[in-house]
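Work through the exercises below with the sequence and the model open. Each task is followed by a solution in steps.

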Amino acid sequence: MNRIVLKKVSVLWRGFATNSHVDGFIGAIGNTPLIKLKRLSEETGCTILGKAEFQNPGGSVKDRAALYVVKDAEEKGRQPGGTVVEGTAGNTGIGLAHVCRSKGYKCVIYMPNTQSQEKIDLLQMLGADVRPVPAVAYENPENYNHQAKRYAESISNAVWTDQFDNIANARAHYETTGPEIWAQTKGTVHAFICATGTGGTLAGVGRFLREVSAKEGKKVESWLADPPGSVLDSYMNSGGKLMERSGSSITEGIGQGRVTQNLATEIGNLSGSMTIPDEKSIEMVYRLLDEEGLYVGASTALNVVAAYELARKLGPGRTVVTVLCDGAYRYQTRLFSRKWLESKSLNIPDHLRKYVVLP
Ligand code: PMP
């Protein structure tokens, strides 16, 4: 009896011993859990799963892209000690600042000057050189992305990582997020849906799931979810003829005015798209807290609403996967403030109002 117990302990111990560490910040990126959302799954008769990207060491889905665009620069001959320059309003900058610190690169971030002081402070604490510039449209040469590109070209041994159009971003998800989802669902996933900023997540995961399922004679569908104010839903529903937008959104990091190179790699293979209104996204921020104990940002909430609606459309018995992009910590002074919600005319159902704790 004792020998059997000892043998079990020793097998367990060997399991821990072989997996006892990862290599630095970079080694900790990825392999995030896939969380079953119990209540929403029960309501739809489907299995609704969220990839817990907020568990990445830099706190968001963008750690993966940040690592891959830096690796891409290295593969193209960057010297150690160089400078990484990017235009970003949020999570990519945070991911890049971490990755650059861990690899010994300088990190310069151009961002629109409309961004919160918290984000600027965090990037500076992570060692980045933050340059807020006037918030102007992409077509304007003074747009933060164009300024980032010009600055990188003006100094020696620097690279502009170009997260929107550098497809190393989508490759991160093709090589890591997609295979993880396939393995974690043991190939039972039917559909994947998420919103896009650069489009890297949707294009990379979507392409991997499409290709791997085709090898088994199956088809995993991928769908695009859009916030108000983005042109992509109109683009999808008009067969690529229109790029209309209406309204604006409280969500951050998602919504687009163009088809980026990352999204272009897979947009033609998507099964459909849907726009999710802010009223539904904000309610889901609070529902996820109340029902699942999950503290997530508004883009995550939008993704979960979209997964729920897709599950309803596909019918019971399906497995639908989406992305839990980041936590609410970066947005809490807005999302949990009564005044802010009122200023956006967003109403929280009575039974969830207890979570609106800030004035
Ligand atoms: N959610 C948040 C909070 C983000 O910061 C981003 C990236 N901008 C996304 C979703 C979308 O990810 P992707 O760039 O891969 O489309």
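The model is predicted. Begin with the ligand.

**Exercise 1. Find a ligand oxygen contact made by T201, then state how much of the ligand the protein covers**.

Step 1. Go to T201. A polar side-chain atom of this residue lies 2.5 Å from an oxygen atom of the ligand.

Step 2. Turn to the area. On its own, the ligand has 390 Å² of accessible area, and the protein covers 93% of that.

Step 3. Add two further contacts. In G197 the partner is a backbone N or O atom, 2.7 Å from a ligand oxygen. In N91 it is a polar side-chain atom, 2.9 Å from a ligand oxygen.

**Exercise 2. Describe the shell around the ligand: how many residues are nonpolar, polar and charged, and which come nearest?**

Step 1. Sort the shell by type. Three residues are nonpolar, nine are polar and three are charged.

Step 2. Pick out the nearest. Of the 15 residues around the ligand, these are K62, G197, T198, T201 and S299.

Step 3. Place S299 in the chain. Helix 13 spans residues 298-314, so S299 falls within that range.

**Exercise 3. Compare the reach of helix 12 and of helix 13 with the expected span, and decide whether each is enclosed or open**.

Step 1. Take helix 13. Its 17 residues reach 24 Å from first C-alpha to last, close to the expected 24 Å.

Step 2. Check its burial, with under 20% relative accessible area as the cut-off. Of the 17 residues, 13 are buried, so helix 13 is largely enclosed by the rest of the structure.

Step 3. Take helix 12. Its 15 residues reach 20 Å, close to the expected 21 Å. Here 11 of the 15 are buried, so helix 12 is also largely enclosed by the rest of the structure.

Step 4. Name some of the buried residues of helix 12. Among them are I282, Y286, L288 and L289, but also D278, R287, E291 and E292.

Step 5. Look at what borders these helices. G293 sits in the loop between helix 12 and helix 13. At 57% relative accessibility it counts as exposed, because the cut-off is over 50%. Just after helix 13, G315 takes a positive phi of about 95°.

**Exercise 4. Which residues touch the most other members of the largest nonpolar core, and which element gives the most to this core?**

Step 1. List the residues. The core has 43 residues, and I48, I193, I282, Y286, L335 and L341 touch the most other members.

Step 2. List the elements that give two or more residues. They are strands 7, 8 and 10, and helices 12, 13 and 15.

Step 3. Find the main contributor. Helix 13 gives the most, with 10 residues.

**Exercise 5. Are T161 and F192 buried or exposed, and where does each lie?**

Step 1. Locate T161. It lies in the loop between strand 6 and helix 8. Its relative accessibility is 1%, so T161 counts as buried.

Step 2. Find a side-chain partner. The side chain of T161 makes a polar contact with that of E86, at 3.0 Å.

Step 3. Locate F192. It belongs to strand 7. At 0% relative accessibility, F192 counts as buried.

Step 4. Set sequence against space. F192 and G178 are 14 residues apart in sequence, with C-alpha atoms 9.9 Å apart. G293 and G93 are 200 residues apart, with C-alpha atoms 28 Å apart.

Key. Residues are numbered from 1 along each chain as its sequence is written. This is a predicted model: local features need pLDDT of at least 70, side-chain atom pairs count only at pLDDT 80 or more; totals for chains, interfaces and linings use all residues. Side-chain values use heavy atoms; hydrogens and water are left out. Helices (H or I, at least four residues) and strands (E, at least two) are DSSP runs, numbered from the N terminus. The expected span of a helix is 1.5 Å times one less than its number of residues. Buried means under 20% relative accessible area, exposed over 50%, partly exposed in between (1.4 Å probe, protein chains only). A residue is near a molecule or strand if one of its heavy atoms lies within 4 Å of it. A polar contact is a pair of N or O atoms within 3.5 Å; within protein, one must be able to donate a hydrogen and the other to accept it, and residues adjacent in sequence count only if both atoms are side-chain atoms. Accessible areas come from the Shrake-Rupley method with a 1.4 Å probe; for residues, only the protein chains shown count as cover. Ala, Val, Leu, Ile, Met, Phe, Trp, Tyr, Cys and Pro count as nonpolar, Asp, Glu, Lys and Arg as charged, and the others, Gly among them, as polar. A nonpolar core is a set of buried Ala, Val, Leu, Ile, Met, Phe, Trp, Tyr and Cys residues joined through side-chain atoms within 4.5 Å.
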